[in-house]
Amino acid sequence: MDNIDKSLLQNLKVLYVEDEDETRYELSKIIKRRVGKLFIAKNGVEGIESFIENQPDIVITDLKMPNMDGIEMIKEIRKLGYDTPVIIISALSDSETILNAIDIGIVKYIVKPVDTNKLVLTMESVAEDIFKEDLKETKDRDIFYIEKETKHELEEKIKREIAKFIKTNSGRGPKNIEVFIKGNKILVNANETLTLFELTLISKNRNYSLVEYNRKLFYDENKDDLEVAISEAINRDIKLEESVIDARRKTDIITFSF
Amino acid sequence: MKKIKPKQKNRIIKSRYQAIFENSVLGITITDEDGKILQANNRWLEMMGYKRKEVINENIMKFIAEDNRNADVGLIDKLMEDRVGSYDIERKYLRSDGKVFWARLFMTILDSEKKIKLGMIQDITNEKLEKEVLERSEKRFRNIVKEVASEISITDIDEKTNSKMALQIEKINIELENMFKKELEENRRKEAFIIYQARLAAMGEMIGNIAHQWRQPLNNLGLIIANIEDAYHYDELDDEYLNHSVGKCKKLIQKMSDTIDDFRDFFNPNSVKSNFSIRDSILSTLDLLEENLRFNSINVEFEYSEDLIGYGYSNQYLQSVFNIIKNSIDSLSITDRDNKTISISLSQDDNMATVDFKDNGIGFSKDIKEKIFDIYFTTKEGSKGTGLGLHITKTTIENNMNGSVEIIDTKIGANIRVSIPKATKEDHDGQYR
């Protein structure tokens, strides 16, 4: 199993929803070893909350759950405008339920007892679909097949560079930064970045767009410095693709690409 | 030996004939040439839902569904013209409540001069198992009636023919009695078959339940084992990990084994009546149905301040409780309500220990309520219901245990009340399960 860590799945965030404790505990261990990041929820309601907060790339869910069942949850997610692929794991194998699931865009249906090899293969095929276009365009396919540890190291390095950059140039460092490498993209969420000056401006629930515009300008004007700093730290050329500021949530969302 | 005079004998015969007429399992009418009803037996009135005075002198056609009135035109002509002695046909009847039912009609001429006709009908709407038995008895009936009919049509009776006829009718009577005995025997066999069938059905339910009960632990066992392999490949498998996982597997296997034991108890044929804990019977049934209840998000409220000790066959009681709760689950599983609940409460009086099973499911409509304990009656779609569960519940509790099973009217859902005799005082200290 020399290729065990080199999977596309490392580039993905996965949400797993299951109400039964034992099953959730065991299966989440298996999934966690293979994916970039795993989020866990105990029912449909929690599932939706986690989905909105973490924006996963794949959802794996049980069907029969208290509070809100799997089908309901996916319907809600679809209503919010997401077409995220969903893998169902269920004890139900009647055709009506399966057809129902297909109608709301379920990608794969796995019947309990779960064959974990089959589940992993399914997840991989879903991952390949997700990256199909990106893989075609890219010159460096190896970036997509990254080892877990290497990936973590890279993410840590990027995190440090961005924190340093923001602190030095804006006067205030972010409270925390999440960095996630997804294929040839680097997704960055920098939280609580606003300076005292900016916080004062929005304290009366006004001027959000002004602050957002200024911060965007801040990243765009210093784009070259930021790119060089990160590229040197990780020994790869990267480009700033986009910066989006959400002043209400006090978050800067920055995307780079290799 | 005192010789019975033919006239007297005739009277006896007549009253016997009357008894057969009134107590027949078939609905019988006697109609004149135009189809006017001269006589109808109780069974016929019961089947059609009319009182006697409402049908006498009415035309029989009034009680036949409109689209079926011409169904026997050719046949009845042949009968009237004496070209056939009798015929039978499936007819569609209209009950007083507007409902339609199918019956097999057997028609023959009683009096060929006056064209008096005898019609016998058997409800075939629910015909399944009875079919075979019925066909046989019908054939026998037919022969007998033919003979009776041929004798009755003799209008001027002299002494000689009278005694000859009496003799013949006596013969018929003996045959009828024999037939009745055979019929009884047949019924007993049928009943045994139904019990056997119910047992098979219950076993099927059980197996379905084991599958249900096992699915989760089986799934988890598979996952734990997959995880051990996985942990090995990821270099995470140390002593602690292995021991922890093996411990969990053992627990799950024990749980699955317990499930089997529970189900085996269920089918243990204990043929001796004994004192047993009603609370424990209910609790172990709830255990068996645990997964099924969880799966359907059904909440069970079972309150007992003190136990009740009943007297009877504990496993039959267990099966009855199982049937009732399973029925509630099925009813709740097709409702959309949020707080699906089954509530079980115990009560007692001097002699009886009573359990009320209530649910907030779809309940029983009036006509379902009338038929709910009938054999083969089911409201479940497709092959999901056998129509045996509640029938056998009522039969076993009432016939084998001197108890009662009844439906209590409620606004929402269903309430089934089961009472069985309490343990007698001297037995009270004895052992019970």
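**Exercise 1.** Decide whether Met203(B) is buried, partly exposed or exposed in this predicted model, and then place the residue in its helix and its surface patch.

*Solution.* Begin with the relative accessible area of Met203(B), which is 36%. Buried would require a value under 20% and exposed a value over 50%, so Met203(B), at 36%, counts as partly exposed. Next, find the residue along the chain: Met203(B) belongs to helix 6 of chain B, which covers residues 159-233. Finally, turn to the surface, where Met203(B) joins Phe193(B), Tyr196(B) and Leu200(B) in a nonpolar patch of about 390 Å².

**Exercise 2.** Describe the interface of chain A and chain B by its contacts, its buried area and its salt bridges.

*Solution.* Start with the contacts, in which 21 residues of chain A meet 19 residues of chain B. The size of an interface is often expressed as the accessible area lost when the parts come together. For chain A and chain B this buried area is about 2,000 Å², and carbon and sulfur atoms contribute 52% of it. Then consider charges: six salt bridges are found across the interface. Glu236(B) pairs with Arg33(A) in a salt bridge whose closest N and O atoms are 2.9 Å apart.

**Exercise 3.** State what confidence the predictor gives to chain B and to the complex.

*Solution.* Chain B has a mean pLDDT of 80, with 81% of its residues reaching 70 or more. Within chain B, however, residues 427-433 have a pLDDT below 50, although this stretch has 16 contacts in the model beyond near neighbours in sequence. Where pLDDT is low, the predicted coordinates should not be read in detail. For the complex, the predictor gives an ipTM of 0.75 and a pTM of 0.58.

Methods:
Residues are numbered from 1 along each chain as its sequence is written. Chains are lettered from A and ligands numbered from 1 in the order in which they are written. This is a predicted model: local features need pLDDT of at least 70, side-chain atom pairs count only at pLDDT 80 or more; totals for chains, interfaces and linings use all residues. Side-chain values use heavy atoms; hydrogens and water are left out. Patches are made of residues with over 30% relative accessible area and no salt bridge: like charges are joined within 9 Å, nonpolar side chains (Val, Leu, Ile, Met, Phe, Trp, Tyr) within 5 Å. Accessible areas come from the Shrake-Rupley method with a 1.4 Å probe; for residues, only the protein chains shown count as cover. A salt bridge is a side-chain nitrogen of Lys or Arg within 4 Å of a carboxyl oxygen of Asp or Glu. Buried means under 20% relative accessible area, exposed over 50%, partly exposed in between (1.4 Å probe, protein chains only). pLDDT is the predictor's confidence in each residue, from 0 to 100. Contact means heavy atoms within 4.5 Å. Buried area is the accessible area (1.4 Å probe) that two parts lose on being put together, summed over both.
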